[in-house]
Amino acid sequence: MKVIVVDDEINALHGFLDEIIGFDNLEYQFFTDDEEKILGYCKNNEVSAAFLDVRMPNISGIDLAKKLILNNKNIKIVFITGINITENDLPIEIRENILEIIYKPIKRERLEKVLFDINQKTRILELKMFGTFDCFINGHLVNFSSNKSKELFALVCVLNGKNLTMEYAISLLWPNKESEKSKILYRDAVWRLRQTLSEIEFNCVNFTRAQLSLNKANITSDYYDFLSGKDIFYNGEFLNNYEWAMLYKIELDYMVEKRKNSN
Amino acid sequence: MKNKRLVRIILYVIIGLVLLSVPFVSMALFTHYGLMNDATYDVVVSVSFGAAAFIMLIITVLEFVSPFIVKDASFDTAIVALCILIQLICSNDIRWVISKTNSQIPENIYSLINIFSFIAFCVATIFLCKNFVRTYKVVLDKRETIASIIIAILCVVAYIPLRMYNIGSIPVGLAVILSIYWIIKLTYYIIRFNKIDWSFILTIFIFICMLGALMSEVPMNSRVFNASNKGIVSGMMIIAALFFFGIYLTFTIQTTQEAYKKEEYEKRLNTLQANVLKNQIDPHFLFNSLNIIKNIYKEDKQQGDRAIDLLSKHLRAYTAASNTYLVPLEQELENVSAYTEIENLKISKSFNILYDIDFEEFEVPPFSIQVFIENAFKYSRVNEIEDGYIVIKAYQEDGFNVIEVIDNGVGFDVNQIKNTSYGIKNSKERFKLLLDAECKISSKKDEGTKVVIKIPIKKG
């Protein structure tokens, strides 16, 4: 897949390079705002996407986008910009080709998602549930904004797609708190979880009133693989960081025993 | 309820007809009892003629040049006023006025003038109907409307040749019947579906005056009026002019006041918005944040990246605020979250912020909630007490979208805040101006502080 990156500030291009280096199946060409060179390259090469800065001294990113689309009507345009722009600021003739607007400073998750979209691939969220609980999006550790929101997400994942009610979550995560305070803490954890998933651009939890459930599409987990019968090593540790996990660990240990006996 | 309304409408009609007939009845009575002689009568007619012409001319000119009033409405009003003026000038009374100057209008010129009177009546009726349709949002049948306009145009065109054969009253009669049909149809629609207001009643009487003036062009039975029909047009037109002037005055004052209020409102909003942008990005905050980020990078690149993301999120809220008066609550809370995380990086004892968000599908002014959090950071000292917290709540209740900012800190004297905190005053005023929302701050020493913002939910 060939992409071009256009920015008049050379250091911004180097920064971009740091973010996308190592990305599979990606061939990239960098340009400063030299319109002739850019259009010349695009005429001779099948370019899938163009990452364009908006404000440049010699040409505007929007005008350049118009010309690139005239040359290749299927080219995807991604604006990388420091200024606030909305769809209404963009001419109608280029709106269909706009894939995304990424604001500087560039967030790796945003860029990654866009590159995956261009490649028509989906990112995978990997849940590590044997041992301590952690999540990885395309190999990068997910940072939760609070420990409790991470714990809440672990509980949602353990339920394996079933609904998690507020009452059940409170009974496990805040067993000793008085009722009103525990509801506040629950809603705080839900809000923070939603923020975290929005930041990594991977909205895999269905948030409905007083219930949460996991949408398992594009999620892998050692625990799910084990449950489906795959040959996964279970070291006897399951969500070590959480006391309530004992309830589910008992079930896991029973399954291990059962498989041992059937073998 | 319906009966009361019907009684009210009938009462309006009776009062209006009585008012309309008063000048004519009184003049007829004065003449009959010899209280008014020809000379006095002449003076009354001249004054009526002159006054009506003057008022209509002023209204026409003012409406065409008015900068404030809605363009369409101004144009329609000007056309109607002009038509009434034309009807007045192109009437029997102008013959009488000119005869006083010892001049004479040739009969063929007078015929032409008569045609203008008829055209003026038709045009004025069309624009009166247009005004009703627009003001009361009447739904019309397109074919019926187009057919009526075509018939009106044909009547005007046919009047000229048919008048020569003394059957000009046929197209006039047809046009009169058509205009009465439309006025009654629209009146019925408006009475059925809308609240009747005074301007509607007065407009109906303007139409009656115009109709009366047109009908008086037909030769009158002198036994009925005991004289020629001199003065009837002037009389009707002065009444129309006074009604018109009444509507015009009310409408102008109202729209001017509204335009003035809107201008003042926008001026005040722009001032508040400019002050928010000036005060919210505190250089002290910015440089301290950059300094802390520099230090974080020395220890952990990933944490440094995260801190940069937080600061850029906060700065982006600033650029969003330059373009808009309101932002989604979700966006304001994201900004608050970024701000509080950055602040917590700078201190050894972090603030515990909880987001108790039950409903967030509404808008708030940008930086309007951050200012309350800033104050909680500055004064509550919740990070120094055991189990201290600041909680932000958002929910819907009893027709309001409610936001609360509550802390269990040291509390303060509420009266102090009125004199010192410009940020809070600014926030309260923007909530009031933009959303008609009330902000209440309550606080108790050693118990904490509570801010409650109630935003009425607008229907539709």
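**Exercise 1. Locate A:Pro105 in this predicted model, and determine the geometry of the peptide bond that leads into it from A:Lys104.**

Solution. Begin with the secondary structure of chain A, where A:Pro105 lies in the loop between strand E5 (98-103) and helix H5 (108-118). Then examine the bond from A:Lys104 to A:Pro105, for which omega is near -5 degrees, and the peptide bond is cis. As background, most peptide bonds are trans.

**Exercise 2. State which sign the phi of A:Asn160 has, positive or negative, and where in chain A this residue is found.**

Solution. The phi of A:Asn160 is positive, at about 60 degrees, although the residue is not a glycine. Its place is the loop between H6 and strand E9 (164-165) of chain A. For context, most residues other than glycine have a negative phi.

**Exercise 3. Classify the packing of H6(A) against H8(A) from the angle between them, and describe which residues meet.**

Solution. First take the geometry: helix H6 (residues 147-158) of chain A packs on H8(A) at an angle of about 85 degrees, and the axes are 8 Å apart. Because angles of 65 to 115 degrees count as roughly perpendicular, H6(A) is roughly perpendicular to H8(A). Next take the contact, in which A:Lys148, A:Ser149, A:Leu152 and A:Phe153 of H6(A) meet A:Tyr186, A:Ala189, A:Val190, A:Arg192 and A:Leu193 of H8(A). By class, these residues divide into 6 nonpolar, 1 polar and 2 charged.

**Exercise 4. Carry out the corresponding analysis for H11(B) and H12(B), and give the handedness of their crossing.**

Solution. Helix H11 (residues 283-299) of chain B and H12(B) pack at an angle of about 160 degrees, with 7 Å between their axes. Since an angle over 145 degrees counts as roughly antiparallel, the two helices H11(B) and H12(B) are roughly antiparallel to each other. Their crossing is left-handed. Among the residues that make the contact are B:Phe285, B:Leu286 and B:Ile293 of H11(B), together with B:Ala307, B:Ile308 and B:Leu311 of H12(B). The contact has 10 nonpolar, 4 polar and 3 charged residues.

**Exercise 5. Find how many cavities of 30 Å³ or more the structure holds, and characterise the lining of the largest cavity.**

Solution. The structure holds 3 such cavities, and the largest has a volume of about 90 Å³. Its lining includes A:Trp191, A:Arg192 and A:Glu199 as well as B:Arg306, B:Leu310 and B:Glu341. The elements that give two or more residues to this lining are helix H8 (179-199) of chain A, with helix H12 (301-323) and helix H13 (329-346) of chain B. H8(A) gives the most, with 5 residues. The final step is the class count, which for the lining is 2 nonpolar, 5 polar and 5 charged residues.

Definitions and conventions. Residues numbered from 1 in each chain as written. Chains lettered and ligands numbered in written order. Predicted model: local features only at pLDDT ≥ 70, side-chain atom pairs only at ≥ 80, totals over all residues. Heavy atoms only, no water. 1 Å grid on protein atoms, 1.4 Å probe; cavity = no way out; pocket = protein on both sides within 12 Å on 5 of 7 lines; lining within 4 Å. Points joined across faces, edges and corners; volume = space filled by probe spheres on them. Helix = DSSP H or I, 4+ residues; strand = E, 2+ residues; numbered from the N terminus. Nonpolar A, V, L, I, M, F, W, Y, C, P; charged D, E, K, R; others polar. Axes fitted to C-alpha atoms, helices over the stretch in contact; angles between N-to-C directions. Parallel < 35°, antiparallel > 145°, perpendicular 65-115°, else oblique. Left-handed = near helix turned anticlockwise from the far one by under 90°. Contact = heavy atoms within 4.5 Å.
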